[in-house]
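Reader: I am new to this structure and would like to learn how to read it step by step. Could you take me through it slowly?

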Amino acid sequence: MQRTSQAQGTNPAAAGHLTATTSHSLQFLQRLPITLLVLLVVFIAVYPVVWIFMSSLKSSVEFSSSPMWALPHTLAWDNYARAWTEGHMSKYFVNSVLAVIPSLVLVITLGVMAAFGLEIMRWKLSNLASLVFLVGIMVPIQIVILPLFTMYFKAHLLDTRIALIITYTAFGLPLVVFFLAGYFKTFAREIIEAAIMDGATIYQVFFKIALPMVMNALVTVALVQFFFMWNDLLISLTFTQDPDMRTIQSGLLAFTGQYGQREWGPTFASIGLAVAPTVLVYLLLNQMVMKGMAAGAVKG
Amino acid sequence: MNKVLSDWRAIAVFVGPALLLYTCIVLIPIFWSLGLTAYEGSPITGFRLVGAENFIRLIHDATFFKALWFGTRYALFVSAGQVIFGLLLALMYAFYLKKTSALVRTLVFLPVVLPTVAVAQMVSKLFAIVPQYGLINSALHAVHLDSLVQAWLGQGSTAFWIIAAMDIWKAMGFYAILLYTGLVEIPEETIEAARLDGAQGWSLARFVVLPLLAPITVASLIFSLNGTLKVFDSIMALTGGGPGNATTPLTLLFYRTSFTYSEYGYGSTLALTLALQCLIVTLLIFWRARKSGA
């Protein structure tokens, strides 16, 4: 295979190479369609986000007086102020933050401990326990929602942050455990065994060796979980029906009905407020986010 | 060493809390939900044992079949779109942009991290007709195609395409990354050898690259179908399942049955159908992939 290809193939490939390098402008022309295509793709991906922030700064007259794609004439920052107060975005935003941050801390803490216990420690049922966690990745959340609703109803946890926090944490666990267990498997075993030989206790091993080793992985997996939790609709819609307890997504959903129809400026500002944290985190840490999400998919 | 690593008390400390929470919130409710399929009622009205009645109702329920059909059609179409566009993007990254593709990859991935509800709100403004024209309708108006100005989200036929386009747009960057990772793992020599054999452009893609990419494409497709069969946020926020039931998949029917009509037993039956559908699709694709030797 290798030999035949070398024997036959030199001519066309070499000829193609020659013509391409003779003239730079020819090369540019050849690449023009593909360059335009790339620009179009980037435009399609990014423009809607730009459009949100542009529209969020328009005054209410502008929506009817000038085209939807026009740049804002004024910078109507009070759209944000109105979304924050009249649109109750302050409440939704705070609710989201107060649900997501504790959930993240919990899911990472419990997840890294469980991954360590499952992957590093030796016990008979560890494989079975891993398998049990795997079920959670495959099962649709709909199948547990009604029993959970009944449980929370009986325990008076509906419309509380606790309901959101324990649900987010429990549903985040499988992915976190698998992601981190994979890390322990590839990096940690030999070093940990050497430390134990030297007389370290299991807790010293966990805090002094295992935890520092997976620090990067912790950040990556926390990022992925942040997007899941911040963007969640189903869980918050189901377990919080009191408008005062809504998170940013379920709050935004209620917007269409009320003044979202008429007040476009504040509505776009609200959309902007819901989107902003995700865009910000992504701008800062995009490589980690992409890596983390792709890894989650390959495992899941 | 074994004594340290098999200390059951330490194992309980490490695994116990996660396993306990997970068992209470995920595992037990799964079995509970299976049990609920034999009951009717809600936590407020109380439950009554009805045996197989929910399943009999299911096979006679035209709304259920309509939702099943809509959801399946939607999932097949959107998953195909996500993976095909992902594949085209990945090929573009790997063969045209090469080393300079990092910025484009990052920008095309951006929609993946955005909250679906916010994106749907944005899209509904894009296609709005009242109280004023959105971006699409005003563009049509500007080029004097007023006959095409319509309530895009208010009619089942066009709403389907808008929901599908939005979900493809939102996820294609993600599948592009997955498939691109597979592409760069193909050894340079393999592609060079094929090039020297005279394979170029489409034939290079068709006979060399795509077969090598088959395993990761199948994995992407499974992952995608698993997501699109469970679609909820985008439809809930764009059309709410309407007009009528025109854009209602199983997930929305489940939600309405359970929380608008408080029928927990029948709701659980619908949730079980959804879980089975996801399972069947996954197994089917695995089986096909193994049979074709991919």
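Author: We will go from one chain as a whole to a single residue, and then to the contact between two chains, keeping in mind that this is a predicted model.

Reader: How many helices and how many strands does the secondary structure of chain A come to?

Author: A useful start is to list the elements in order from the N terminus. In chain A there are 14 helices and 0 strands, so that, by the way helices and strands are assigned, the order reads α-α-α-α-α-α-α-α-α-α-α-α-α-α.

Reader: What share of the residues in chain A is buried, and how much area does the chain expose?

Author: Of the 300 residues in chain A, 51% are buried, while the chain exposes about 14100 Å², with 70% of that area supplied by carbon and sulfur atoms. One can also ask how far apart in sequence the touching residues are: among contacts in chain A with a separation of 6 or more, 72% are between residues 24 or more positions apart.

Reader: Is Ser236(A) buried or exposed?

Author: The test is relative accessibility, where buried means under 20%. Ser236(A) has a value of 0% and therefore counts as buried. Ser236(A) belongs to helix 12 of chain A, which covers residues 234–239.

Reader: Which residues does Ser236(A) touch, leaving out those up to four places away in sequence?

Author: With those left out, Ser236(A) touches Leu164(A), Tyr168(A), Thr247(A) and Ser250(A). For a sense of distance, consider also Phe226(A), which is 10 residues from Ser236(A) along the chain, with 15 Å between the two C-alpha atoms.

Reader: How many residues does each chain bring to the contact between chain B and chain A, and about how much area do they bury?

Author: An interface can be read by its residues, by its area and by its polar pairs. Here chain B gives 86 residues and chain A gives 97 residues, and together the chains bury about 8500 Å², of which 80% is on carbon and sulfur atoms. Of the area that chain B buries against chain A, Leu5(B), Phe14(B) and Lys125(B) supply 9%, more than any other three residues.

Reader: Which element of chain B provides the largest share of its side of the contact, and how many salt bridges are found across the interface?

Author: The largest share of the side of chain B that touches chain A is 20 residues from helix 2 of chain B, residues 8–36. By class, that side of chain B has 66 nonpolar, 13 polar and 7 charged residues. Across the interface the rule finds 0 salt bridges, although it finds 13 residue pairs in polar contact, both residues being at pLDDT 80 or more.

Notes
Residues numbered from 1 in each chain as written. Chains lettered and ligands numbered in written order. Predicted model: local features only at pLDDT ≥ 70, side-chain atom pairs only at ≥ 80, totals over all residues. Heavy atoms only, no water. Contact = heavy atoms within 4.5 Å. Buried area = accessible area lost by both parts, 1.4 Å probe. Salt bridge = Lys/Arg side-chain N within 4 Å of Asp/Glu carboxyl O. Polar contact = N/O pair within 3.5 Å; in protein donor to acceptor, adjacent residues only side chain to side chain. Helix = DSSP H or I, 4+ residues; strand = E, 2+ residues; numbered from the N terminus. Nonpolar A, V, L, I, M, F, W, Y, C, P; charged D, E, K, R; others polar. Buried < 20%, exposed > 50% of the residue type's maximum accessible area, 1.4 Å probe, protein only. Areas by Shrake-Rupley, 256 points an atom, 1.4 Å probe, with all protein chains shown as cover.
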